[in-house]
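Me: I would be grateful for a close look at one buried position in this chain and at the parts that surround it. Please give a connected account that starts from that residue and works outward.

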Amino acid sequence: MAYELETVRTSQEIFYYLLERHELREEDEAQLYKAYTEQEEVQNLVKSQGEIAGSNIDRYGNVIYLIPKEDNDFLGFSKTQLKGVLCKSGATDKDYYLSQFVILTLLVEFYDGQGSSSKAREYIRVGELQNCISGRLKEGAERQAEAAAEDEKMRGQAGNAKEPTGTAKEQDGVVKKPGEKNQEGIAFADMMQAYEALRSDDKGSRARTTKEGFLHYILVFLEKQGLIDYVEQDEMVKTTKKLDNFMDWNLLNQNNYKRVMRVLGVTEDE
């Protein structure tokens, strides 16, 4: 399909703008915004360039966003980069996954996935967030320990019974061990171990080796990405319109919400 030179040039201008700022607001660049929203050919070209660059181009409200895909380490962040920004020196994978769990917990506390808007509250105190993290880690570790004990019990019972030959399991070419389950979840015990290894400091320490400092640098990072407002003097966290839009329009549909709650081990009636 042939495009006019002016159409191609406009699409390139929009895409370069998004590369620089990751978002294009109607009030900031009305002409480019109008070209994207009103000219289908321009929009298709911009989206095509985004796809080649390993990113999605999406419009929420009156803002157009460039959103790097999960495996895009060039426009986004690699695991190594995030570990360096969010965790203490010499951090392990346990520390990294703990940082992701903190972010996940923050999102769940703010958004409930219900109604026309998924947002459930306007702010959260840092101390309350810290208590939520501790509580969810403890509950998750206890559930997994109980599940492991129950699974071991089932294995013992199955081991005492003779397995018939030529069963359907064997005919499929895959033989599961007695009591084996396909579980979706996260290693709560490992993350709780990493969390408990951090010191507690009621003096507001910013050291990454403390629980308070660990949480502080995660919040600072999220604020730099334009996702939250972190009011340090009041120890308060608020979400931005950017994050609200992402959650309402893209990240938190009902399927994703239920999956997140399942991973965290939250029941529907909790």
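Reply: The residue chosen is valine 237, which lies in strand E6, residues 236-239. The model is a predicted one, and what follows is computed from its atoms.

Valine 237 has a relative accessible area of 0%, and since under 20% counts as buried, this residue is therefore buried. Apart from neighbours within four places in sequence, valine 237 is in contact with Leu106, Phe110, Glu122, Tyr123, Ile124, Val126, Leu219, Ile228, Asp229 and Tyr230. One of these contacts, leucine 106, is 131 residues away from valine 237 in sequence, yet the two C-alpha atoms are 9.4 Å apart in space. For the protein chain as a whole, residues 24 or more positions apart account for 58% of the contacts with a separation of 6 or more.

The strand pairing around valine 237 comes next. E6 is joined to strand E4, residues 123-125, by 3 bridges, and the two run antiparallel. Within this pair, tyrosine 123 stands opposite lysine 238 in E6. E6 is also joined to E5, by 4 bridges, again with the strands running antiparallel. Here aspartate 229 has lysine 238 in E6 as its bridge partner. E5 and E6 form a hairpin with 4 residues between the strands, and glutamate 235 in this hairpin takes a positive phi near 50°. In general, strands of a sheet pair through backbone hydrogen bonds, either parallel or antiparallel.

Valine 237 also belongs to a wider nonpolar grouping. The largest nonpolar core has 41 residues, and Leu106, Leu219, Ile228 and Val237 are those with the most contacts inside it. The elements that give two or more residues to this core are E3, helix H4 (79-86), H5, H6, H8, helix H9 (211-224), strand E5 (228-231) and helix H10 (241-251). Leucine 219 touches Leu106, Val126, Leu129, Ile228, Tyr230 and Val237, when residues up to four places away in sequence are not counted. A second, separate core of 15 residues includes Leu24, Ala35, Tyr36 and Leu66. As a general matter, nonpolar side chains in soluble globular proteins tend to be buried together.

Two of the helices that contribute to the largest core also pack on each other. Helix H5, residues 93-110, and helix H8, residues 188-196, meet at an angle of about 95°, with their axes 9 Å apart. Because angles of 65 to 115 degrees count as roughly perpendicular, H5 and H8 are roughly perpendicular to each other. On the H5 side the contact involves Lys94, Asp95, Tyr97, Leu98 and Phe101, which meet Phe188, Asp190, Met191, Gln193, Ala194 and Tyr195 in H8. The residues of this contact divide into 7 nonpolar, 1 polar and 3 charged.

Tyr195 of H8 also leads to glutamine 130, which is placed in helix H6, residues 126-159. Glutamine 130 has a relative accessible area of 17%; the cut-off for buried is under 20%, so this residue is buried. Leaving aside neighbours within four places in sequence, glutamine 130 is in contact with Tyr195, Lys211, Glu212 and Leu215.

E3, which also gives residues to the largest core, belongs to another part of the chain. There, 3 strands form an open sheet in the order E1-E3-E2, with antiparallel pairing. Strand E1 (23-25) and E2 are the edge strands, each pairing on one side only. From one strand to the next, the twist averages 15°. E1 and E3 pair over 3 bridges, and arginine 25 stands opposite valine 63 in E3. Helix H1, residues 5-21, packs on this sheet and touches E1, E2 and E3, its direction making about 110° with that of E1. Strand E2, residues 55-60, is joined to strand E3, residues 63-68, by 6 bridges. In this pair, proline 68 in E3 is the bridge partner of serine 55. E2 and E3 form a hairpin with 2 residues between them, and glycine 61 in the turn has a positive phi of about 65°.

To place these parts in the whole, the protein chain has 11 helices and 6 strands. Buried residues make up 37% of its 270 residues, and valine 237 is buried as well.

How values were computed:
Residues numbered from 1 in each chain as written. Predicted model: local features only at pLDDT ≥ 70, side-chain atom pairs only at ≥ 80, totals over all residues. Heavy atoms only, no water. Buried < 20%, exposed > 50% of the residue type's maximum accessible area, 1.4 Å probe, protein only. Contact = heavy atoms within 4.5 Å. Axes fitted to C-alpha atoms, helices over the stretch in contact; angles between N-to-C directions. Parallel < 35°, antiparallel > 145°, perpendicular 65-115°, else oblique. Nonpolar A, V, L, I, M, F, W, Y, C, P; charged D, E, K, R; others polar. Pairing = 2+ DSSP bridges. Core = buried A, V, L, I, M, F, W, Y, C linked by side-chain atoms within 4.5 Å.
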